[in-house]
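Here are some friendly notes to read alongside the model on your screen. Take the points in any order you like.

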Amino acid sequence: MNKGRFLMLLVCCQLFLLACDSQPSGKDEIDVKVENLLAQMTLEEKVGQMNQYNGFYDVTGPAPAEGDAKNKYEHIKSGWVGSMLNVRGANEVRKMQSLAVDSSRLGIPMIFGFDVIHGHKTLSPIPLAEAASWDLEAIEKSARIAAIEASAEGINWTFAPMVDISRDARWGRVMEGAGEDTYLGSRIGVARINGFQGDDLSAHNTIAACAKHFAGYGFAEAGMDYNTVDVGTVTLHNVIFPPFKAAIDEADVKTFMNSFNIINGIPATANKFLQRDILKGEWGFDGFVISDWSSGAEMIAHGYAKDLEHVAELATNGGSDMDMESYANIKHLVKLVEAGKVKESTIDEAVKRVLRVKYELGLFDDPFKYCDETREKELIYHADHMAAALDMAKRSIVLLKNENNVLPLAKEQKKIAVIGTLADDKDSPLGNWRMAGEDNTAISVLEGLDAYGVNYKYAEGAELVTGPTAFPVELEINTTDKSGFKEAIALAKQSEVVVMVLGEHGLHSGEGRGRANLGLPGVQQELLEAVYKVNKNIVLVLMNGRPLTITWADEHVPAIVEAWQLGTQTGHAVAQVLFGEYNPAGKLPMTFPRHVGQVPIYYNQYSSGRPGPKTEVFWPHYMDESEKPLYPFGYGLSYTKFDYTDLNINVLEGRKVEVSVVVTNSGDRVGEEVVQLYLHDKVASVVRPVKELKGFEKISLEPSQTYKVVFTLSEKELGFYNGQGEFVVEPGDFGVMVGTSSVEGLTSEFELK
Ligand code: NOJ
């Protein structure tokens, strides 16, 4: 070889080596590792990666049949278990993980899933409450902290965020989502995933997130959990899908969970259209899909699968990669491959997805990196986490009514009565999804008032729940015992102001906890009215996991504070808002109906052909109730006042529209405002809603301060999905509203060419 050619070869070799060196960041390197590992695996071991067992530290679904999980330790050692759920604690996870890593033939680590929904040990507000903050930074931080605590307890995968849109307050799981709106829900879902997954998924304090429940779970008929879902293409593409798509496009979510429901006749768990065509096809999702708890086996009851073997076949071919609690894959997949009913290439595809996420988490480099007892001790209940939970709690509170500025209360106020059993409840404020949380660890409202140095007298009034309240029992509501009313009425009589803390128990919402009535449960409405008879100066503090029909209260009580279930720091947050140390700024993420009969009620509805109101009978309305909501989406008051002026619209080149508005704090306190932009595509090939949220910004203003908010709308906000599921942007006239809620703001219009 002459010298010139030799030098050339040398340069080429160096370039090649450099190229190899610069690869590790990409997926390619992981793909190679996955392929190599897959090549060594037996069919049984592959199927093992598609199998998850429950650790029974917690049970988050119906217990499986006797014996089903009996051999789980042996199965782990055989390499037949890819994942565990509901195992927690650094030491416990280490023990379990070592069975897989040290005893199985290939030592493939398991991924440990857990429902880290609103905090882990330090509990932040329920997700619906956090959504009321419209504060993406705070929400991301809350998820970040949850991940830090969960990962310190051995967990590396959360089954969150739930990004199901729901318009039905009867559905118990509205507490777990971001409410009724697709745009807000998408932004919040992305923030949560970013918080869980962080910048570096392989770090020891970040965890894989899971967008759930794909799809349509929040549209269960009559708001009853697990019920039928039947939705058209336009709703599916424009309302239900976007938060899931955003989870992939904007946050690179690592996993998806399918759902219990059938959707348009096909169970989501075996739904090829959802999982293969849309999710893995059109959207290019490269993570894996887990079933929901026994959602595979439930296809038998649905009348879609004839037996468990059929379940494994349908679910796997339908695109579900891992089985949670159906025991279908582990029992039947090998046979099904041998019989040619499931292709081995389908199994390979599923296993590659699972292994890829495990590589991305860094589990192959160090399977025990989440199992450090020192970190566990240091980080659980860390003071910074408590402070952030308090901040999040305050931001989640919504001021619904404040006639004559009853609020904020003055600390010096002499005679304050506090009435309602929820005021003294350290458990309910923890909300429903507090699997790792310890019962009775919230700061109650009374404790919050004590800590704030408030002088008050307390009367329970009436019990809310009479029986046990452990997860997951049914609640027994007190509907008869009013023996405490007398004391409460007497106390109210001699007080200047009465703070009544009423609402739902923490386990009154959540999975399987639908309600057909949306009023105050038990005898609380009667208690409220009895107290009102002797003292009208009432501040109603609501604790609840869903919108409630508090129509009577709205008509009579001067001040109403929506305090949801605010987690560990509840009492401090409530006290600071009641006494004005914090100026509330939350906005409702879900419409409050006046009556349960109005449900589903939501702001982004379509116009009927006969928009009212009319004097004659022929228009959409009720004869016995207003068609209007009690409190609309996006609504929430402040202790200060914001004025909106100078709405300005600029249609720019390249189908971009710039909308600006000037906001002034014209009150005398510093305050935050969520400036909301709504759009209406007036005439389109598919009818568009009367308004749709397409932008918001949370700002903080000093008294007299003025700020110009500028929104830029692009095709993404201007377009929509048509009946074929295609995204289109159509020229024409658009209406714009920018304001303080979905019903109040400045309006204008523009034409898109
Ligand atoms: C059932 C719930 O629907 C799902 O959201 C949850 O993640 C699983 N159980 C696991 O607990």
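1. Start with strand E18, residues 656-665, which pairs with E21 in the antiparallel sense over eight bridges. To find your place in this pairing, look for Val-661, whose bridge partner in E21 is Val-709. Please keep in mind throughout that this is a predicted model.

2. Which strands make up the sheet around this pair, and in what order? The sheet is open and has three strands in the order E17-E18-E21, with antiparallel pairing. Its edge strands are E17 (642-652) and E21 (706-713), each of which pairs on one side only. From one strand to the next, the twist averages 15 degrees.

3. Strand E19 (residues 671-681) and E20 also run antiparallel, and nine bridges join them. Here Gln-676 has Phe-696 of E20 as its bridge partner. Strand E20 covers residues 692-701 and is mostly covered, with seven of its 10 residues buried. You will meet E20 again at a pocket, in point 10.

4. A mixed sheet is worth a look next. It is open, with six strands in the order E11-E16-E15-E14-E12-E13. At its edges stand E11 (398-402) and E13 (456-459); each has a single partner strand, so one side of each is left without a neighbour in the sheet. The twist in this sheet averages 20 degrees from one strand to the next.

5. For a closer view of one edge of that sheet, follow strand E12, residues 416-419, which pairs with E13 in the parallel sense over four bridges. Ile-419 is found opposite Ala-459 of E13. As a general reminder, strands of a sheet pair through backbone hydrogen bonds, in either a parallel or an antiparallel way.

6. Why is strand E5 described as largely enclosed by the rest of the structure? Five of the five residues in this strand (residues 210-214) are buried, so E5 is largely enclosed. Its parallel pairing with strand E6 (residues 255-258) runs over four bridges. Within that pairing, Phe-214 stands opposite Asn-258 of E6.

7. Among the helices, try H17, residues 383-396. Its 14 residues reach 20 Å from the first C-alpha to the last, close to the 20 Å expected at 1.5 Å a residue. The buried residues of H17 include His-385, Leu-390 and Met-392, and also Lys-394 and Arg-395.

8. One loop residue to pick out is Phe-364, which sits between helix H15 (344-361) and helix H16 (373-379). Phe-364 is partly exposed, with a relative accessible area of 24%. Compare its position with that of Glu-45: the two are 319 residues apart in sequence, yet 16 Å apart in space, C-alpha to C-alpha.

9. Now to the pockets. How much space does the largest pocket hold? Its volume is about 880 Å³. The lining consists of 26 residues, and those nearest the centre are Tyr-602, Gln-605, Tyr-606, Glu-627 and Lys-628. By class, this lining divides into 15 nonpolar, eight polar and three charged residues.

10. The second largest pocket holds about 640 Å³ of space. It is lined by 35 residues, with Thr-182, Asn-238, Pro-242, Lys-694 and Tyr-721 nearest its centre. The elements giving two or more residues to this lining include helix H8 (182-197), helix H10 (242-249) and E20. Helix H9 gives the most, five residues. In class terms, the lining has 15 nonpolar, eight polar and 12 charged residues.

11. How many cavities of 30 Å³ or more are found in the whole structure? A search finds seven. The largest cavity contains about 100 Å³ of space. Of the 14 residues lining the largest cavity, Thr-60, Asp-115, Asp-292, Trp-433 and Glu-511 are the closest to its centre. Its lining has seven nonpolar, two polar and five charged residues.

12. Finally, the second largest cavity has a volume of about 70 Å³. Among its lining residues are Thr-269, Val-311, Met-322 and Asn-329. Helix H13 (308-317) and helix H14 (328-338) are the elements that give two or more residues to this lining, and the largest share, three residues, comes from H13. By class, the second largest cavity is lined by four nonpolar, seven polar and one charged residues.

Key
Residues are numbered from 1 along each chain as its sequence is written. This is a predicted model: local features need pLDDT of at least 70, side-chain atom pairs count only at pLDDT 80 or more; totals for chains, interfaces and linings use all residues. Side-chain values use heavy atoms; hydrogens and water are left out. Two strands pair if DSSP finds at least two bridges between them. Axes are lines fitted to C-alpha atoms, for helices over the stretch in contact, and angles run from 0 to 180 degrees between N-to-C directions. On a 1 Å grid over the protein atoms alone, a cavity is a set of points where a 1.4 Å probe fits but cannot get out, and a pocket is an open set with protein on both sides within 12 Å along at least five of seven lines; lining residues have an atom within 4 Å of a point. Grid points are joined across faces, edges and corners, and a volume is the space filled by probe spheres set on the points. Ala, Val, Leu, Ile, Met, Phe, Trp, Tyr, Cys and Pro count as nonpolar, Asp, Glu, Lys and Arg as charged, and the others, Gly among them, as polar. Buried means under 20% relative accessible area, exposed over 50%, partly exposed in between (1.4 Å probe, protein chains only). The expected span of a helix is 1.5 Å times one less than its number of residues.
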